[in-house]
Amino acid sequence: MSIGAARTHVTSKGALQVFDEATTAIITGATGNIVAYMLNGRVDALRAWASKVFRTGAEDSHSAPLRALEEDNAALALGTATESDVRARWSVLLASLLAAHPELRAEVGALATAPVPASVVNLGSQHNYGSGPFIAGHNFGSINSAPERGIQ
């Protein structure tokens, strides 16, 4: 095996797991997208994904990632955790998941390669025409079409 061909990971149970480069890339891509989804306000999509992927095992192993998702989202929003902190936490969670359930590699890979939707901002427009008062249409000052002295 060449240097750099495999990456090691210590699972939550203390076992040493060796991943190939492709699996390491999947974990790295998925953790990056998890952070991107959080930063774009798409935690609902992550929650659905995590519920589906982490459904294996005991109830605690199913609910722990969902709690981590909520905690990390709040920490990013409040600035108490960095993107790097969140990626590191999710790297451990995903590596532990794939060590225990290698059959879920395709599910994690799908998140790693999924395009992250940008956050959507709806900008409304207000058309003030006709006569009468307009709500939120404060008008201060006046319009003077005559040129001021000295300015042509």
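Trainee: Leaving aside neighbours within four places in sequence, which residues is Ile34 in contact with?
Mentor: Keep in mind that we're looking at a predicted model. Skip the neighbours up to four places away in sequence, and look for residues with heavy atoms within 4.5 Å of Ile34. That leaves Leu46, Trp49, Trp90, Leu94 and Leu111.

Trainee: Which residues have the most contacts inside the largest nonpolar core?
Mentor: This core has 29 residues. Ile34, which touches Trp49, Trp90 and Leu94 among others, is on the list of those with the most contacts inside the core. The full list is Ile34, Met38, Trp49, Phe54, Trp90, Leu94 and Val108.

Trainee: And which helix gives the largest share of this core?
Mentor: Helices α1, α2 (43-53), α3 (59-78), α4 and α5 (105-113) each supply at least two of its residues. The largest share is seven residues, and it comes from α1.

Trainee: Why might nonpolar residues gather like that?
Mentor: There's a general trend behind it: in soluble globular proteins, nonpolar side chains tend to be buried together. Here, the largest nonpolar core comes to 29 residues.

Trainee: How far apart should the ends of α1 be, and what does the model give?
Mentor: Helix α1 covers residues 21-39, so there are 19 residues to count at 1.5 Å a residue. That makes an expected span of 27 Å. The end C-alpha atoms agree with it, being 27 Å apart.

Trainee: Is Thr31 buried or exposed?
Mentor: Thr31 sits in helix α1. Not counting residues up to four places away in sequence, Thr31 touches Arg87, Trp90, Ser91 and Leu94. Its relative accessible area is 2%, and the cut-off is under 20%, so Thr31 is buried.

Trainee: What separates the C-alpha atoms of Thr31 and Leu111?
Mentor: Along the chain, these two are 80 residues apart. In space, their C-alpha atoms are separated by 8.7 Å.

Trainee: How are α1 and α2 set against each other: parallel, antiparallel, perpendicular or oblique?
Mentor: Their axes come within 8 Å and cross at roughly 140°. The contact is made by Ile34, Tyr37 and Met38 of α1 with Val43, Ala45, Leu46 and Trp49 of α2. Roughly antiparallel would need an angle over 145 degrees, so this pair counts as oblique.

Trainee: What phi does the residue just after α1 take?
Mentor: Just after α1 you'll find Gly41. The phi of Gly41 is positive, at about 75°.

Trainee: Which residues are buried in α4?
Mentor: Let's check the helix itself before we list them. With 18 residues at 1.5 Å each, α4 should span 26 Å, and its end C-alpha atoms are indeed 26 Å apart. Its buried residues are Val86, Trp90, Leu94, Ala95, Ser96, Leu97 and Leu98.

Trainee: Where does Leu93 fall: buried, partly exposed or exposed?
Mentor: Leu93 is found in α4, residues 83-100. Beyond its neighbours within four places in sequence, Leu93 is in contact with Phe54 and Ala68. Buried would take under 20% relative accessibility; Leu93 has 22%, so it counts as partly exposed.

Trainee: How does Val92 come out, buried, partly exposed or exposed?
Mentor: Val92 lies in α4 too. Its C-alpha atom is separated by 9.1 Å from that of Ile27, 65 residues apart along the chain. With 41% relative accessibility, Val92 is partly exposed.

Trainee: What pattern does the chain follow along the sequence?
Mentor: Start with the tally, which is five helices and two strands. Read along the sequence, they give β-β-α-α-α-α-α.

Trainee: What percentage of the chain's residues count as buried?
Mentor: The chain exposes about 10200 Å², with carbon and sulfur atoms supplying 56% of that area. As for the buried share, the chain has 152 residues, and those that count as buried make up 28%.

Terms used:
Residues numbered from 1 in each chain as written. Predicted model: local features only at pLDDT ≥ 70, side-chain atom pairs only at ≥ 80, totals over all residues. Heavy atoms only, no water. Helix = DSSP H or I, 4+ residues; strand = E, 2+ residues; numbered from the N terminus. Expected span 1.5 Å × (residues − 1). Buried < 20%, exposed > 50% of the residue type's maximum accessible area, 1.4 Å probe, protein only. Areas by Shrake-Rupley, 256 points an atom, 1.4 Å probe, with all protein chains shown as cover. Core = buried A, V, L, I, M, F, W, Y, C linked by side-chain atoms within 4.5 Å. Axes fitted to C-alpha atoms, helices over the stretch in contact; angles between N-to-C directions. Parallel < 35°, antiparallel > 145°, perpendicular 65-115°, else oblique.
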